[in-house]
There are 2 protein chains.
Amino acid sequence: DIAQRLYALAECEKKLQNKVVMITAGPTVEAIDPVRYISNHSSGKMGYALARAAQLEGAEVRLVSGPVSLRDPHGVTTVRVTSAKQMFDYVKSNIADVDVFIGCAAVADYTPVEVASQKIKKNDDEMTLKLKRNPDILAWVGEQQATRFVVGFAAESQSLKEFALKKLQKKKLDLICANDISQQGLGFNSDNNQLLLLYRDGQEKLLDIATKDALAADIMQEIGEHLKQRS
Amino acid sequence: DIAQRLYALAECEKKLQNKVVMITAGPTVEAIDPVRYISNHSSGKMGYALARAAQLEGAEVRLVSGPVSLRDPHGVTTVRVTSAKQMFDYVKSNIADVDVFIGCAAVADYTPVEVASQKIKKNDDEMTLKLKRNPDILAWVGEQQATRFVVGFAAESQSLKEFALKKLQKKKLDLICANDISQQGLGFNSDNNQLLLLYRDGQEKLLDIATKDALAADIMQEIGEHLKQRS
């Protein structure tokens with residue numbers, strides 16, 4: 001009947017049908033002691049918008065999120081974690097069948113060498129915090145020998161394109177979405193953003209200022225197109 | 001008429017009528033660079049509950065809050081800040097006529113010695129972060145020669161009463177509200193808490209597990225009683 005044919009038609013237009021998409025979102029929180037921590041600015045809004053957009057395109061979506069004050073997106077498997085290590089553990093355990101990986105989380109680069117189990121009592125005027133490098137989740141995914149499409153984000157306060165391209169190559173990504181955090185009212189806690197998309201093959205595309213939901217929909221369209229060209 | 005007399009009666013029972021109450025709430029966020037920061041766990045829920053409770057008791061309330069995802073309480077002057085320095089600046093500029101000061105914010109003890117204006121690019125396996133002591137807002141208020149009633153909070157993971165009493169004396173507080181953060185499901189991001197109230201004169205009172213709103217109402221009653229005894 002007509003309804004079924006319309007439904008089938010709508011299904012056809014879904015660009016990520018039968019694809020598994022994994023998205024990391026939000027910040028990670030690295031404990032110094034039970035009270036204090038190191039983190040990165042990230043509202044999680046972009047990652048959650050991507051998860052919703054991927055779900056609308058028919059994908060099976062796994063969202064692994066650091067601490068944010070956002071609701072779990074409808075129809076998306078959402079897992080909440082705190083530290084970079086916890087995020088990495090989830091990614092490693094659940095990536096085998098993932099077709100598209102999007103590293104949108106602001107993962108802390110460094111974590112305290114020692115985590116105090118009790119609240120640190122300090123009376124010194126100065127204090128030195130020793131940090132060690134966290135696992136680079138996105139680079140680890142890029143290193144995997146897989147046909148997976150790997151997407152990263154770069155938030156830069158200067159030399160946007162240069163730093164983003166460096167990250168694209170170093171982490172063996174297929175696509176990097178770069179945004180300039182020196183621009184007021186965009187990125188971070190804002191609902192709007194502007195993104196420069198840079199592909200491994202040298203293509204680039206500017207997604208002009210729009211809501212994160214609109215940008216997420218565009219990115220999913222782009223990824224869907226690239227997957228189609230590949231197959 | 002009856003309505004006016006009922007209203008007058010209700011007014012009479014308000015314990016903080018004509019009092020100015022200043023409350024600090026939430027965490028402070030200390031920038032490492034435009035992306036990274038150090039902070040403390042604090043949802044701000046207790047401080048916001050205190051602000052609402054003080055307003056209900058008839059006080060003029062000034063709430064100075066670090067970054068939290070809570071709405072400004074109705075009828076309360078709410079000022080949003082980021083760093084401990086900004087919070088301290090607000091407190092210093094607006095404390096002259098304050099009758100009751102409640103330091104409920106989880107102010108970062110330390111802040112980076114240098115804040116990088118650009119995102120730090122690091123590739124070392126280890127990194128050392130140099131921190132310097134932040135101003136102690138609560139101790140500064142306690143030091144002021146004033147008839148002001150000064151209240152602090154102590155979140156401790158061990159030796160609760162001992163550390164809280166030390167803080168009460170050191171910061172010259174009239175009252176400290178201590179909670180044990182080693183107990184699961186209480187404090188921090190929870191809606192519930194349990195508080196041990198310790199007064200300068202040696203009195204103590206346990207406020208058993210309850211919602212933060214209920215605890216805040218009890219604390220305001222307590223403060224109102226103490227102000228009455230004083231005058």
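This is a short tour of the interface between chain A and chain B in a predicted model.

**Stop 1: both chains**

Show chain A and chain B together. Superpose chain A on chain B: a rotation of 180 degrees does it, with 0.0 Å of shift along the axis and an RMSD of 0.1 Å. The two copies are thus related as by a two-fold rotation axis.

**Stop 2: the contact surface**

Select the residues of each chain that touch the other. You should have 38 residues of chain A in contact with 37 residues of chain B. Of the interface residues of chain A, 97% are also interface residues in chain B, so the copies meet through the same surface. The area buried between chain A and chain B is about 3,400 Å². Carbon and sulfur atoms give 48% of that area.

**Stop 3: polar links**

Turn on the side chains. Between chain A and chain B there are 11 residue pairs in polar contact, with both residues at pLDDT 80 or more.

Now color the side of chain A that touches chain B by secondary structure. β3 (36-40), β8 (126-133), β9 (149-156) and α5 (160-170) of chain A each supply at least two residues to that side. Which element gives the most? Pick β8(A): it contributes eight residues. Recolor the side of chain A that touches chain B by class, and the split is 15 nonpolar, 10 polar and 13 charged residues.

**Stop 4: the paired strands**

Keep β8(A) and add strand β8 (residues 126-133) of chain B. The two strands pair in the antiparallel sense over seven bridges. Zoom in on A:T128. Opposite A:T128 stands B:K130, in β8(B).

**Stop 5: the salt bridges**

Over all chains the model has 32 salt bridges. One pair crosses between chains: A:R36 lies in strand β3 of chain A, and B:D109 lies in the loop between β6 (100-103) and β7 (110-112) of chain B. Select A:R36 and B:D109. Their side chains meet in a salt bridge at 2.2 Å, N to O. How many salt bridges link chain A and chain B? The count is two.

Conventions:
Residues are numbered from 1 along each chain as its sequence is written. Chains are lettered from A and ligands numbered from 1 in the order in which they are written. This is a predicted model: local features need pLDDT of at least 70, side-chain atom pairs count only at pLDDT 80 or more; totals for chains, interfaces and linings use all residues. Side-chain values use heavy atoms; hydrogens and water are left out. Copies are superposed by least squares on the C-alpha atoms of residues with pLDDT of at least 70 in both. Contact means heavy atoms within 4.5 Å. Buried area is the accessible area (1.4 Å probe) that two parts lose on being put together, summed over both. A salt bridge is a side-chain nitrogen of Lys or Arg within 4 Å of a carboxyl oxygen of Asp or Glu. A polar contact is a pair of N or O atoms within 3.5 Å; within protein, one must be able to donate a hydrogen and the other to accept it, and residues adjacent in sequence count only if both atoms are side-chain atoms. Helices (H or I, at least four residues) and strands (E, at least two) are DSSP runs, numbered from the N terminus. Ala, Val, Leu, Ile, Met, Phe, Trp, Tyr, Cys and Pro count as nonpolar, Asp, Glu, Lys and Arg as charged, and the others, Gly among them, as polar. Two strands pair if DSSP finds at least two bridges between them.
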